[in-house]
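Subject: Structure handover

Hello,

Here is the structure you asked about. Please open it first, then read the notes below it.

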Amino acid sequence: MSERAAQAPVPDTVTPGGQFARTSAEVAREHDASEPDTAPPQRRRRRGKDGAWPFVFLAPLMLGIVVFYFWPIVATVLNSFSTFGPFGGRTFAGLENYAKLFQDSFIPRAILNTAIYTGIVLLGIPIAVGIASLLTQKGLRFSRFYQILFFLPAVSMPVAVALVWRMIFNKEFGIINYALSLVGIEGPYWVTAPGWSLLAVSIVGLWSSLPLAVIILSAGLQGIPPELYEAAQLDGAGPARQFRSVTVPLLTPSIFFLTIITAINGFQLFDLLFAMMGQANPAMADTQSLVYLFYAEAFRQNDQGYASVIALLILLIIGLITLLQFRMQRRWVHYE
């Protein structure tokens, strides 16, 4: 009903002077109010008594979120303003730990290493798009077997994967250097040489990120209506043009999701780096990530206050990158 119709006077409600007394909207409201409540008595009682039950059922979940998510952040902020003795005890240090952050020469290198690793791992997303497109082609035999094969690294233990790749990158008997020697190239010390070690870790990180990306993109490809490809084919679009104009635009929500989680995981690099290189590696000082630097300060140097500042720095960087990605998604993500 339009606004003018709602305000129109009702012909059968006129005053003795000829003025209309009520509008049709008022009559409708009175009619609705005069109707009896036909709901069962149990449902009417439930409307007034179940107000607190949703909060009762949500209380355990909210308690877990507060205890395991919000309180650690608050505790980290409090620790960042303190210094801790070797045998316990806390002393208020003010902004001393934050001043140390700007004077630490390892921080810029750790940020650069983490950013390089994250950038290389993000290159796996376009690779995963191509792999997922091949695996979801119609008529492909053993497609389920290939999908399971690609997903196997995702269910493998990260430490076991790192140890296997460490043997592959070995200078003396690694398969990569052996293959290079067949063409007359002497392979480098992949894991113990500065520069090469970061590249080796990044390659393994890229390889490890492919399974989840392929699975997510395969699900996104299966959700694209076949009619769109038929319409594009009728317009004369070939396979390459269909991939650029239909597949990629409709996959952008899945690609955006992958960029978010890949960037977050990239800036949390620790276990792969720790397992592949080890603490006594001479190249670790030039290859360490932000999380490894946090580990070294908190558990090896026992400087929990300064380690808390590094943890807050990691949180800030991840938050800013995620915010930037959400702001930029409006330019390239297509939800329709």
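Helices here are DSSP runs of H or I at least four residues long, numbered from the N terminus. By that rule, P72 lies in helix 4, residues 53-79. P72 is partly exposed, at 33% relative accessibility. Beyond its neighbours within four places in sequence, P72 contacts V66 and V67.

One caution before the rest: this is a predicted model.

Overall picture

The protein has 17 helices and two strands. Of its 336 residues, 35% are buried. The accessible surface comes to about 21500 Å², and carbon and sulfur atoms account for 66% of that. Now take the contacts between residues at least 6 apart in sequence: 61% of them join residues at least 24 apart.

The cores

Which residues sit at the centre of the contacts in the largest nonpolar core? That core has 22 residues, and F169, V201, L272, M276 and M277 touch the most other members. Five helices each supply at least two residues: helix 6 (106-122), helix 9 (158-168), helix 11, helix 14 (271-277) and helix 16 (290-300). Helix 14 gives the largest share, with five residues.

F169 is worth a click. Leaving out neighbours within four places in sequence, F169 contacts I176, W190, V191, A200, I203, V204 and M276. Apart from this core lies another one, of 20 residues. Its members include I125, I131, L221 and I224.

As background, nonpolar side chains in soluble globular proteins tend to be buried together.

Aromatic rings

How many aromatic pairs does the structure hold? There are 16. One of them joins F270 and Y295. Their ring centres are 5.2 Å apart, with 55° between the planes, and the pair is tilted. This pair links distant parts of the chain, 25 residues apart. F270 sits in the loop between helix 13 (239-266) and helix 14, while Y295 is in helix 16. F270 is partly exposed, because its relative accessibility is 22% and the buried class stops under 20%. Y295, at 18%, is buried.

Ring pairs also build a cluster: W165, F169, W190, W196 and W207. F169 thus turns up in this cluster as well as among the core residues named above.

A nonpolar patch outside

Not every nonpolar side chain is inside. L140, F142, F145, Y146, I148, L149, F150, F151, L152, V155 and I215 form a nonpolar patch on the surface. Together they have about 1000 Å² of accessible area. Helix 8 (residues 143-151) contributes the largest share, six residues. I215 belongs to helix 11 (residues 196-222). I215 is partly exposed, with a relative accessible area of 33%. Patch residues need over 30%, so I215 at 33% clears that cut-off.

Salt bridges

The structure holds two salt bridges.

- D303 pairs with K100, and the closest N and O atoms are 2.9 Å apart. D303 is in the loop between helix 16 and helix 17, K100 is in helix 5 (residues 96-103), and 203 residues separate them. D303 is buried at 18% relative accessibility. K100 is partly exposed at 35%.
- E186 pairs with K171, at 3.4 Å from N to O. E186 lies in the loop between helix 10 (175-182) and helix 11, and K171 in the loop between helix 9 and helix 10, so this bridge ties together parts 15 residues apart in sequence. E186 is exposed at 70% relative accessibility. K171 is buried at 18%.

One backbone oddity

What is the phi of N302? It is near 55°, a positive value in a residue other than glycine. Most residues other than glycine have a negative phi. N302 is in the loop between helix 16 and helix 17 (304-332). The loop that holds N302 also holds D303 of the first salt bridge listed. N302 is partly exposed, with a relative accessible area of 31%.

Where to look

Begin with F169 and its contacts. Then go to the D303 and K100 bridge. Finish on the patch and its share from helix 8.

Best wishes

Terms used
Residues are numbered from 1 along each chain as its sequence is written. This is a predicted model: local features need pLDDT of at least 70, side-chain atom pairs count only at pLDDT 80 or more; totals for chains, interfaces and linings use all residues. Side-chain values use heavy atoms; hydrogens and water are left out. Patches are made of residues with over 30% relative accessible area and no salt bridge: like charges are joined within 9 Å, nonpolar side chains (Val, Leu, Ile, Met, Phe, Trp, Tyr) within 5 Å. Accessible areas come from the Shrake-Rupley method with a 1.4 Å probe; for residues, only the protein chains shown count as cover. A salt bridge is a side-chain nitrogen of Lys or Arg within 4 Å of a carboxyl oxygen of Asp or Glu. Buried means under 20% relative accessible area, exposed over 50%, partly exposed in between (1.4 Å probe, protein chains only). A nonpolar core is a set of buried Ala, Val, Leu, Ile, Met, Phe, Trp, Tyr and Cys residues joined through side-chain atoms within 4.5 Å. Contact means heavy atoms within 4.5 Å. Rings of Phe, Tyr and Trp (its six-membered ring) pair if their centres lie within 6.5 Å; planes under 30 degrees apart count as stacked, over 60 as edge-to-face and the rest as tilted.
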